[in-house]
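Biologist: Please take a close look at one part of this protein, the paired aromatic rings, and go through it step by step. After that, set it beside whatever else can be said about the model.

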Amino acid sequence: MLNVQNLTFSYNDTPVLSHISFQAEPGEHIAVIGESGSGKSTLLKGLYGEYDLDKGHIYWKDKAVLGPKYNLVVGYDFMKYVAQEFDLMPPLSVEENIGKFLSNFYPEEKKRRTAELIDVVELTAFAKTKVKILSGGQKQRVALARALANQPEILLLDEPFSHIDNFKKQSLRRSLFKYLKEKKITCIVATHDKEDVLGYADRMIVLHKHKILVNDTPSVLYNKPETPLVASFFGEFNVINNTIIYAHQLKVVKKSDLKATVKQAYYKGPYYLIEAHLNGKSIFFEHHDMLKQNQNVYLSLK
Ligand code: ADP
Ligand code: MG
C-alpha cells in the first residue's frame, strides 16, 4: 500500500502542499484533480522522491520514499513517473527507446515484452520509427510504454494524454488503464480531464488551497459535489437555491416557478447547451433543440 502521511511542502517559502494524507492499494487508480497551480505536479514529484518534504512521510509497503537529501539518485525501482514534459532519446527508434530499459539477458523475452508494450500504447506501426520524427502525442505514448518497461508497482502519470489527439485518446486510455488493472499496478494520475477519471479512477482527490478538499469515489463526488469547484470538473452546472444542479438535470416544461429568458444556444452534438437568464443571472441547461434568443422558457428538475 502507498501511505502518504501529512505531506507538507513549500518551494522556498511558498507553501504548495499542506498536510496531505491518503492511501492507495495495489492496483488502485487514483485521480488527482484541481485547478492549474493547485499542486498536482508537485504532489507527484513529491511522491516520486524528487523533493525533501518540509513535513510528513511517504511509504510504499514498509519502504520509506525519501528525497534527494537521503538518496544519491532520485527514484526507486518499484515506482515510475511520467512527467508532463518527457525526455526520450530522439535518434533512437520507438522500440530502442523502450528496450533500453529492459535486460539484454533474454533477447527473445526482451523482444516479446517490447512488442507487448508498444501494443499497449498503440504504436506498433511505428516500432522502427526514430522518435525525433514523431508527433508530440506519439512521443508521449513512447514515454508511457518506457515507464511500464520494468513493470513498476506504482506509476505516477502527470496529464498523461495532454499531447494526444482526441482520435487516439479514447482507445489509448482504455488500453493503458486496462493493462494497469490487469497487472495490479497502482496509478496516481494528475489530470484536469474528466474523461481520464470517470469510468477508470477508483478514487478522486481534489486539491484546493494546498489541501485535499475531498477524497472519494467519482460517483459519490459526481452525485453529491458539495462545492462548485467539484461540480465544475464534471460539467456545466448551476447553483439554484443553494443547490448544485447540472445543466443536464434541468428540462423545459409548460409552467414552473423558474422562468428564464434564452440568451444563447451552443451546439454540442447530441444536444444544445442553452444559456438563459434567470433573475438577471446566467443559467445553463441542455435541450434537444435550438431555442430562439429572448424566448421565455420554464424550467424544472428532471
Ligand atoms: P499543477 O500541476 O496543479 O498545475 P504545480 O504543482 O505545477 O501545479 O504548481 C503548484 C504551485 O507551485 C504553483 O503556484 C507553481 O507556480 C509553483 N511551482 C511549481 N514548480 C515550482 C518550482 N520549481 N519552483 C517554484 N515554484 C514552483
Ligand atoms: Mg501540473
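Modeller: A residue is called buried when its relative accessible area is under 20% and exposed when it is over 50%, with partly exposed in between. The model is a predicted one. Tyrosine 222 has a relative accessible area of 26%, so it falls in the middle class and is partly exposed. Its ring partner, phenylalanine 234, has a value of 6%, so phenylalanine 234 is buried.

These two rings form an edge-to-face pair, with 5.3 Å from centre to centre and 80 degrees between the planes. The angle decides the label, because planes over 60 degrees apart count as edge-to-face. The two residues sit in separate helices: tyrosine 222 belongs to helix H6 (residues 218–223) and phenylalanine 234 to helix H7 (residues 228–234), so their pairing ties together parts that are twelve residues apart in sequence. Ring pairs also bring in other residues, and the resulting cluster consists of Tyr222, Phe233, Phe234 and Tyr246.

The domain assignment can be set beside this cluster. It divides the protein into domain 1 (2–223) and domain 2 (240–301). Tyr222 therefore has a number inside the bounds of domain 1, and Tyr246 one inside those of domain 2. Taken over C-alpha atoms, the centres of domain 1 and domain 2 are separated by 40 Å.

The count of aromatic pairs in the model comes to 13. Another of them joins tryptophan 60 and phenylalanine 78, with ring centres 6.4 Å apart and planes at 15 degrees, so this pair is stacked. Tryptophan 60 is part of strand E4 (residues 55–60), while phenylalanine 78 lies in the loop between strand E5 (63–64) and strand E6 (79–82); the pair therefore ties together parts that are 18 residues apart in sequence. Both tryptophan 60 and phenylalanine 78 are buried.

The burial classes also describe helix H1. Nine of its nine residues are buried, so H1 is largely enclosed by the rest of the structure. Its buried residues include Lys40, Ser41, Thr42 and Tyr48. Glycine 49 follows H1 and has a positive phi, near 90 degrees.

Helix H1 (residues 40–48) also gives the largest share of the shell around ligand 1, namely three residues. The full shell is made up of Tyr11, Val16, Glu35, Ser36, Gly37, Ser38, Gly39, Lys40, Ser41 and Thr42. By class, these are two nonpolar, six polar and two charged residues. Several backbone atoms come up to oxygen atoms of the ligand. For glycine 37, a backbone N or O atom lies 2.7 Å from an oxygen atom of ligand 1. For lysine 40, the corresponding distance from a backbone N or O atom is 2.9 Å. A polar backbone atom of serine 38 is 3.3 Å from an oxygen atom of ligand 1. On its own, ligand 1 has 560 Å² of accessible area, and the protein covers 55% of this.

Histidine 19 is a further case of the middle burial class. Its relative accessible area is 39%, so histidine 19, like tyrosine 222, is partly exposed. Histidine 19 lies in strand E2 (residues 14–24). From C-alpha to C-alpha, histidine 19 and glutamine 5 are 7.4 Å apart in space, and they are 14 residues apart in sequence.

How values were computed:
Residues numbered from 1 in each chain as written. Chains lettered and ligands numbered in written order. Predicted model: local features only at pLDDT ≥ 70, side-chain atom pairs only at ≥ 80, totals over all residues. Heavy atoms only, no water. Near = heavy atom within 4 Å. Polar contact = N/O pair within 3.5 Å; in protein donor to acceptor, adjacent residues only side chain to side chain. Areas by Shrake-Rupley, 256 points an atom, 1.4 Å probe, with all protein chains shown as cover. Helix = DSSP H or I, 4+ residues; strand = E, 2+ residues; numbered from the N terminus. Nonpolar A, V, L, I, M, F, W, Y, C, P; charged D, E, K, R; others polar. Phe/Tyr/Trp six-rings, centres within 6.5 Å; stacked < 30°, edge-to-face > 60°. Buried < 20%, exposed > 50% of the residue type's maximum accessible area, 1.4 Å probe, protein only.
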